[in-house]
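Work through these exercises with the structure open beside you. Each task is followed by a solution in steps.

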Amino acid sequence: MSRVEQTKQNQKNWFRGQSFLEDDFDPEFEEIAQRFLCGEILPFGSLSDVEKSLICLTALTTCRNLGAIEKYTLAALDRGAKPEEIKETLYQCAPYIGLETVHDALKEVNKAFGAAGISRPEAKQGTVTEETRFAKGLGVQREIFGKENIDSMRSSAPQELQHIQDALSAYCFGDFYTRGTLDLKMRELITFCAICCLGGCEPQAKAHAAANLSVGNTRETLIAAITQCLPFIGFPRTLNAISCIDAVTKQ
């Protein structure tokens with residue numbers, strides 16, 4: 001299938017044949033954008049369409065491309081993503097990109113749900129309590145990064161920064177990684193993509209590239225995921241992400 005044919009097919013399957021732009025003032029840009037995203041990027045790699053759609057939403061949310069989130073949420077639903085999977089994808093981004101950024105994106109997701117006739121609230125996904133969030137979060141940290149590594153990091157932190165280590169365990173891992181619907185592999189993949197989409201976080205990107213390997217994702221999966229982010233973050237951050245993947249997988 002040619003790139004033009006692939007574009008037409010994916011434009012129909014993903015975006016109901018609708019234009020990317022809201023007017024007809026830039027038809028050449030429209031054509032370039034459609035053929036790159038629908039003809040080259042969406043067909044690439046072994047990720048499922050649902051996984052691709054969730055990664056696209058991760059990139060759009062991280063980059064604060066709020067105007068596109070409703071459209072891509074509808075596309076995710078059309079490709080088979082469950083409402084809970086979409087919501088959990090955005091929730092998972094919060095420790096890395098900030099609460100208000102995710103809150104703004106959730107408003108757009110809820111608009112899309114309304115347009116699709118999806119009522120709310122969804123079933124509760126949290127699994128921790130005030131009493132268990134720290135211990136369960138620390139357990140997930142140790143599972144992903146290794147008990148020795150996490151315990152060493154916590155013990156070497158100065159007293160004035162111990163609250164950051166506690167928040168990392170209880171909030172980042174306890175409040176989010178323990179939630180339902182998405183498994184650990186998908187949560188780590190979302191985390192890696194969000195960090196790479198931010199840019200300037202290469203040490204953390206390398207750590208989470210390694211974390212992805214530890215939970216069962218592969219180099220191929222990481223490259224496929226960051227490729228889906230490319231249209232939204234550009235080549236510099238994409239190439240930086242690939243360098244982080246290389247640093248971990250080509251040792």
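**Exercise 1. A bridge in α8**

Find the distance at which the side chains of aspartate 151 and lysine 147 meet, and say which contact they make.

Step 1. The contact is a salt bridge, with N and O 2.8 Å apart. The term requires a side-chain nitrogen of Lys or Arg within 4 Å of a carboxyl oxygen of Asp or Glu.

Step 2. Place the pair. Aspartate 151 and lysine 147 are about one helical turn apart, because they sit four residues from each other in helix α8 (residues 147-156). Helices are DSSP runs of H or I with at least four residues, strands are runs of E with at least two, and numbering starts at the N terminus.

Step 3. Check the cover. Aspartate 151 has a relative accessible area of 23%, so it is partly exposed. The cut-offs are under 20% for buried, over 50% for exposed, and partly exposed in between (1.4 Å probe, protein chains only).

A note on the model: it is predicted, so local features need pLDDT of at least 70 and side-chain atom pairs count only at pLDDT 80 or more, while totals for chains, interfaces and linings use all residues. Residues are numbered from 1 along each chain as its sequence is written, and side-chain values use heavy atoms, without hydrogens or water.

**Exercise 2. Bridges elsewhere**

State how many salt bridges the structure holds, then examine some of them.

Step 1. The count is 14.

Step 2. Take aspartate 78 and arginine 16. Their closest N and O atoms are 2.7 Å apart, in a salt bridge. The pair joins distant parts of the chain, 62 residues apart: aspartate 78 is in helix α4 (residues 66-78), and arginine 16 is in the loop between α1 and α2. Aspartate 78 counts as partly exposed because its relative accessibility is 34%.

Step 3. Look at the backbone of arginine 16. Its phi is positive, about 55 degrees, although this residue is not a glycine.

Step 4. Take arginine 35 and glutamate 31. Their side chains form a salt bridge at 3.5 Å, N to O. Both residues lie in helix α2, four residues apart, about one turn of the helix. Arginine 35 is partly exposed at 25% relative accessibility. Glutamate 31 is also partly exposed, with a relative accessible area of 41%.

Step 5. Look for a network. Salt bridges link Arg64, Asp104 and Lys107.

**Exercise 3. A charged patch**

Which residues gather in a patch of negative charge on the surface?

Step 1. The members are Glu22, Asp23, Asp24, Asp26 and Glu28. A charge patch joins like charges within 9 Å, using residues with over 30% relative accessible area and no salt bridge. Asp and Glu count as negative, Lys and Arg as positive; His and the chain ends are not counted.

Step 2. Locate one member. Aspartate 26 is in the loop between α1 (3-15) and α2 (27-41). At 43% relative accessibility, aspartate 26 is partly exposed.

**Exercise 4. Buried or partly exposed?**

Classify lysine 87, phenylalanine 192 and threonine 181.

Step 1. Lysine 87 is in helix α5. It is buried, because its relative accessibility is 8%. Its C-alpha is 9.2 Å from that of glutamate 122, 35 residues away in sequence.

Step 2. Phenylalanine 192 is in helix α10. With a relative accessible area of 0%, phenylalanine 192 is buried. Leucine 222 is 30 residues away in sequence, yet 8.3 Å away in space, C-alpha to C-alpha.

Step 3. Threonine 181 lies in the loop between α9 (162-177) and α10 (184-198). It is partly exposed at 40% relative accessibility. Its phi is positive, about 75 degrees, although threonine 181 is not a glycine.

**Exercise 5. The whole fold**

How many helices and strands are there in the protein?

Step 1. There are twelve helices and zero strands.

Step 2. Gauge the extent. The C-alpha trace spans about 60 × 45 × 30 Å along its principal axes.

Step 3. Test for a globule. A compact globule of 251 residues would have a radius of gyration near 18 Å, and the protein agrees at 19 Å. The radius is taken over C-alpha atoms, and the rule is 2.2 Å times the number of residues to the power 0.38.

Step 4. Finish with burial. Of the 251 residues, 45% count as buried.

Terms used:
Patches are made of residues with over 30% relative accessible area and no salt bridge: like charges are joined within 9 Å, nonpolar side chains (Val, Leu, Ile, Met, Phe, Trp, Tyr) within 5 Å. Accessible areas come from the Shrake-Rupley method with a 1.4 Å probe; for residues, only the protein chains shown count as cover. The place of a charge is taken as NZ of Lys, CZ of Arg, CG of Asp or CD of Glu.
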